[in-house]
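Colleague: Could you walk me through this one? I'm new to reading models, so plain words please.

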Amino acid sequence: MPELPEVETVARILREGAPNGTLPLVGRTIRSAKVLWPREVASPTPHAFARRIAGSRVQSVGRYGKYLLIGLRGAGDGADALSLLVHLRMSGRLEVVSRSEAFTPHARLVWLLDDDLALRFEDARKFGRVWLVDDPAEVIGKLGPDAIDIKYEEFVSRLRTRFGALKPLLLDQTFIAGIGNIYADEALHLARLHPLRTADSLSEDEAVRLYAAIRQVLLEGIAANGASFDWVYPGGKFQENFKVYGRTGQRCPTCDSPIRRIIVTQRSTHFCPVCQPPAG
DNA sequence: GGGCATGTTAGCAC
DNA sequence: TGTGCTAACATGCC
């Protein structure tokens, strides 16, 4: 499921709960951690991870790029601040559930909470990762600015140091953090830029369009609670607004031309050949 | 069975 | 150093 808008939606639900009765995670005490698939614990060792997190209390839930940042206060006096970071990768889901619902077939980690609740990390494809660190920068320190927070001046100054194609650039989390394959394609279409245009070829006007398009598609995605269109993740509505992603051969909503699909750096890339002409 | 999948990383070449 | 290509991670759906 997870690009910036989907991760933001998960963070909001963990912070505030959800209308369907899902309770907030903030304020809960983590009694213990059950590691069902140790390879998803990136740091420290799974044993140390479980030992160190036990007894801590959830202070905050945030997001940076595609990472969930869960702020903890450790157990005991002189309690140290800890950060639990979760990356959902391709198929991760993180939800507060009742303890009786926690141990599903795809549950990879389960944190047992107070009041017979649990925080469940399901991940069919096992690509997800969790970290327990003193300082989030140990994990996210090399990421670029968050794609929602970045200001235009910084976006352009970073853009002007790059020379490669726009599609892989938008997916480069050290350039800008949070954009994935869907929102990259949607942003490039909205900006009327071909995915293989190079960063150094953009005019000032085109750079403005790209910046504005990124903001718009991400904010619309957040407003729609993200996108969901397969077996992985129910909930969001943004898939109903896709203009190009997954619409190969269908009509461009702007100009009625058939949407084309190409492969760029191993990723499916959808664009309108009329609205997004190649450089030339 | 083959092709596809919202992500990231390592190794390699230029 | 920047860029981009390939393979790998592991599983499930169509």
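**A buried arginine, a helix and a DNA strand**

Modeller: Let's start with Arg197, which sits in the loop between H6 and H7; helices (H or I, at least four residues) and strands (E, at least two) are DSSP runs, numbered from the N terminus. This is a predicted model, where local features need pLDDT of at least 70, side-chain atom pairs count only at pLDDT 80 or more, and totals for chains, interfaces and linings use all residues. Residues are numbered from 1 along each chain as its sequence is written, chains are lettered from A and ligands numbered from 1 in the order in which they are written, and side-chain values use heavy atoms, with hydrogens and water left out.

Colleague: Is Arg197 buried or exposed?

Modeller: Buried means under 20% relative accessible area, exposed over 50%, and partly exposed in between (1.4 Å probe, protein chains only). Arg197 has a relative accessible area of 11%, so the word for Arg197 is buried.

Colleague: Which side chain makes a polar contact with the side chain of Arg197?

Modeller: A polar contact is a pair of N or O atoms within 3.5 Å; within protein, one must be able to donate a hydrogen and the other to accept it, and residues adjacent in sequence count only if both atoms are side-chain atoms. For the Arg197 side chain the distance is 2.8 Å, and the partner is the side chain of Glu206.

Colleague: What span should helix H1 have at 1.5 Å a residue?

Modeller: The expected span is 1.5 Å times one less than the number of residues. H1 covers residues 4-16, which makes 13 residues, and its end C-alpha atoms are 18 Å apart; that agrees with the expected span, 18 Å.

Colleague: Which residue follows H1?

Modeller: Look for a positive phi, near 85°. The residue with that phi just after H1 is Gly17.

Colleague: Why is Cys275 in no bond with the closest cysteine sulfur?

Modeller: A disulfide is a covalent bond between the sulfur atoms of two cysteines. Here it is counted as a pair of cysteine sulfur atoms within 2.5 Å, and the structure holds zero of them. The closest cysteine sulfur to that of Cys275 is in Cys272, and it's too far for a bond, at 3.7 Å.

Colleague: Which side chain has a polar atom 2.8 Å from a base nitrogen of DNA strand C?

Modeller: His106 has a polar side-chain atom 3.0 Å from a phosphate oxygen of DNA strand C, and a polar backbone atom of Ala165 is 3.2 Å from a phosphate oxygen. The side chain with a polar atom 2.8 Å from a base nitrogen belongs to Arg125.
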